[in-house]
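Work through the exercises below with the sequence and the 3D structure open. Try each task before reading its solution.

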Amino acid sequence: MHNNPSDLIVVDQLSKYYRVANKQPGFKGTLKHFFDRKTYDVPAVTDISFKISPGEVVGFLGANGAGKTTLLKMMCGLIHPSSGLVDVGGFSPQRRQTAFLKQITLVMGQKQQLIWDLPPMDSLYVNAAVYGLSDHEAKVRINELAEMLELGEELTRPVRKLSLGQRMKSEILAALLHKPSVLFLDEPTLGLDVNAQARVRSFLSEYNKRTGATILLTSHYMADITALCPRVICIHKGKLFYDGDLDSLANSLSPSREVKVELKNPCASEQFKKYGAIQDLNDRFVCLLVSRDKLTDVVSNLLTDFDIIDLEISDPPIDQLIGELFIKGEVN
Amino acid sequence: MLEYRIEIALWALSGVLPFIMFSLWSQNDVGNSFGLNDIGLARYFLSAFLVRQFSVVWVVFSFEEDSLSGRLSPYLLQPLHPLLRYVAAHLAEQATRLPFAIAIAITFFILNPSSFWLPSLPQLFLAYLSTHFAFTIAFLLQSLVAALCFWTEKSSALERLIFVPYLFLSGLLVPLSAFPSNVLKLAMLTPFPYLINFPAKILSGMPVDIFNGFLAQILWISILVPSVKILWKLGVKRYTAMGA
């Protein structure tokens, strides 16, 4: 793969295999596992290639076990690839050179780098020392990030006394203290309530705008992806099956749109069959799936043929579409 | 936070094994067969206690927990070797132990006034230096076992392979002079006598071959440092970031 100087991250034919051994239940299984262990390689990521430019926000989508976290771990240098190449800003991540480590950060769900029994502020100053920041630099940086993350007194309370949302925000603060230019975020909103998720999302968006940092994100919450990532990379069973913008993915996955209608009087389902596929029919409410090329005619006819109180046209939820795709296992 | 303060005090008290051994040996009046009278025995075991307070290592357990829980992952991605983070934690704990160790030493002298002694400044300096070397050797030995976490995932079980010979050959249970000469010769070929016996003998003022003792400590450190580096380098390639 040819490296363009404008590419920050180059992933070329990257693969990772994990060696595993199965154990049968019971004493006999234990003995066999001890004396005659059979191991085999399980492919986690197979032959994946893509490039990422500086400042991009890219979402990695995939079902559980699809390989997206393994991919992220290889890109940040946490694990070694079985084959293929990763280049991040001219560095080979698995070598974990100091200059590379000072440019990146990894946030992994609730895996804490904060010291449990101490307030986050102590851990922040430890991190500042690790990254060679002076006390003054650390103080300015902590204040700046704390303001963006809406953190105040929480930073001087023991970590174990903080709520999950406060802890997660403190973790993010600790991870960003050294001004990394590449952020690897694995499920950064996992377990947070809706409000906390929204705050983390708006912070990441703001951080990207202010600093121009490149953000690579995996999340099970589609809202994270739709709010933050213009570009998505979909992984299925360790292989890449989509790399492009989210809108195009939605269009290619669903050539139809949802038409939700609120009727003045209840109607039988037979009356709607000619307009499109009925997704839902409940008393006076009906939801139809209509192909995009027929949308104008169908809406016009519905307004003429029925006594309608309200009508709404929308794309089917992207998470529903992708979920269906993963279940079907279709590869474009 | 009261429970944490109590925990620190209990933690400092947990290293009292040398006092138990002192009580055992002095009551059975076997000190003479070690070439030590009661006062010599008391000074030796108090010194062994103090040396142990500042050379005890638990990196294998912390490392295993961090490795299995996924906490090691962010540490591996920081520009500081994870083992240095554990060194810092050990040194911080040694500083915390210091006032408790002094309090226990004072109590010991109150209960055994005849055993009171003040080491000379050169003795103190050499004991301090050899205790730091002892800590370094113990830390490196456990780091070697900890690095096996990259292969076995439960390397704390393997730590027993070090702990049992450490217990018997370090001088924690009995001064090594009590051993038959052929066993002693074999013991001196291992790193264990240099972890307690050697620094404790310097501190208590017992006769000891200082030059060869320091030479052996430096030799063991120079063998263990590259061994840990090589094993770590090989192991980290196998790291799968489990639990993360």
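The exercises that follow concern a predicted model.

**Exercise 1. The make-up of chain B**

Task: State how many helices and strands chain B has, and decide whether chain B is as compact as a globular protein of its length.

Solution:
Step 1. Count the elements: chain B holds twelve helices and zero strands.
Step 2. Read them in order; from the N terminus on, the run is α-α-α-α-α-α-α-α-α-α-α-α.
Step 3. Compare the radius of gyration with the globule rule. Chain B has a value of 19 Å, close to the 18 Å that the rule gives for 244 residues, so chain B is as compact as a globular protein of that length.
Step 4. Add the extents: the C-alpha trace of chain B spans about 55 × 50 × 35 Å along its principal axes.
Step 5. Look at burial and contacts. Of the 244 residues of chain B, 35% count as buried. Among the contacts in chain B with a separation of 6 or more, 76% come from residues 24 or more positions apart.

**Exercise 2. Where chain A touches chain B**

Task: Find how many residues of each chain are in contact, and which element of chain A gives the most to the side that touches chain B.

Solution:
Step 1. Count both sides: 20 residues of chain A are in contact with 15 residues of chain B.
Step 2. List the elements of chain A that each supply at least two residues to this side: helix H2 (68–76), helix H3 (98–101) and strand S5 (104–108).
Step 3. Pick the largest contributor, which is S5(A), with three residues.
Step 4. Sort the side of chain A that touches chain B by class: ten residues are nonpolar, five are polar and five are charged.

**Exercise 3. The sheet of three strands**

Task: Give the strand order of the open sheet of three strands in chain A, and say which strands stand at the edges.

Solution:
Step 1. Write the order: S2-S1-S4 of chain A, with antiparallel pairing.
Step 2. Identify the edges. Strand S2 (39–52) and strand S4 (83–88) of chain A each have a single partner strand, so one side of each is left without a neighbour in the sheet.
Step 3. Note the turn between neighbouring strands of this sheet, on average 30 degrees with direction ignored.
Step 4. Examine one pair: strand S1 (residues 9–21) of chain A is joined to S2(A) by ten bridges, and the two run antiparallel. In this pair A:Ile9 stands opposite A:Ile52 in S2(A).
Step 5. Place the helix: H2(A) lies across S1, S2 and S4 of chain A, at about 120 degrees to S1(A).

**Exercise 4. The sheet of six strands**

Task: Give the order of the open sheet of six strands in chain A, and follow strand S8 of chain A to its partners.

Solution:
Step 1. Write the order: S5-S6-S7-S3-S8-S9 of chain A, with mixed pairing.
Step 2. Identify the edges. S5 and strand S9 (239–245) of chain A each have a single partner strand, so one side of each is left without a neighbour in the sheet.
Step 3. Note that neighbouring strands here are turned by 15 degrees against each other on average, direction ignored.
Step 4. Take the parallel partner of S8(A): four bridges join strand S3 (residues 57–61) to strand S8 (residues 231–236) of chain A. A:Gly59 has A:Val232 as its bridge partner in S8(A), and A:Leu61 stands opposite A:Cys234.
Step 5. Take the antiparallel partner: six bridges join S8(A) to S9(A), and A:Ile235 has A:Leu240 as its bridge partner in S9(A).
Step 6. Inspect the connection. S8(A) and S9(A) form a hairpin with two residues between them, and A:Lys237 in the turn has a positive phi of about 50 degrees.
Step 7. Check burial: five of the six residues of S8(A) are buried, so S8(A) is largely enclosed by the rest of the structure.

**Exercise 5. Two residues with positive phi**

Task: For A:Gln13 and A:Asp283, find where each lies and decide whether each is buried, partly exposed or exposed.

Solution:
Step 1. Start with A:Gln13, which is not a glycine yet has a positive phi of about 50 degrees. A:Gln13 lies in strand S1 of chain A.
Step 2. Count its neighbours: 13 other C-beta atoms lie within 10 Å, and A:Gln13 is partly exposed.
Step 3. Turn to A:Asp283, a residue other than glycine with a positive phi near 55 degrees. A:Asp283 is in the loop between strand S11 (277–282) and strand S12 (285–291) of chain A.
Step 4. Count again: A:Asp283 has 10 C-beta neighbours inside 10 Å and counts as exposed.

Methods:
Residues numbered from 1 in each chain as written. Chains lettered and ligands numbered in written order. Predicted model: local features only at pLDDT ≥ 70, side-chain atom pairs only at ≥ 80, totals over all residues. Rg over C-alpha atoms; globule rule 2.2 N^0.38 Å. Buried ≥ 20, exposed ≤ 12 C-beta atoms within 10 Å, placed from the backbone. Contact = placed C-beta atoms within 7 Å. Nonpolar A, V, L, I, M, F, W, Y, C, P; charged D, E, K, R; others polar. Pairing = 2+ DSSP bridges. Axes fitted to C-alpha atoms, helices over the stretch in contact; angles between N-to-C directions.
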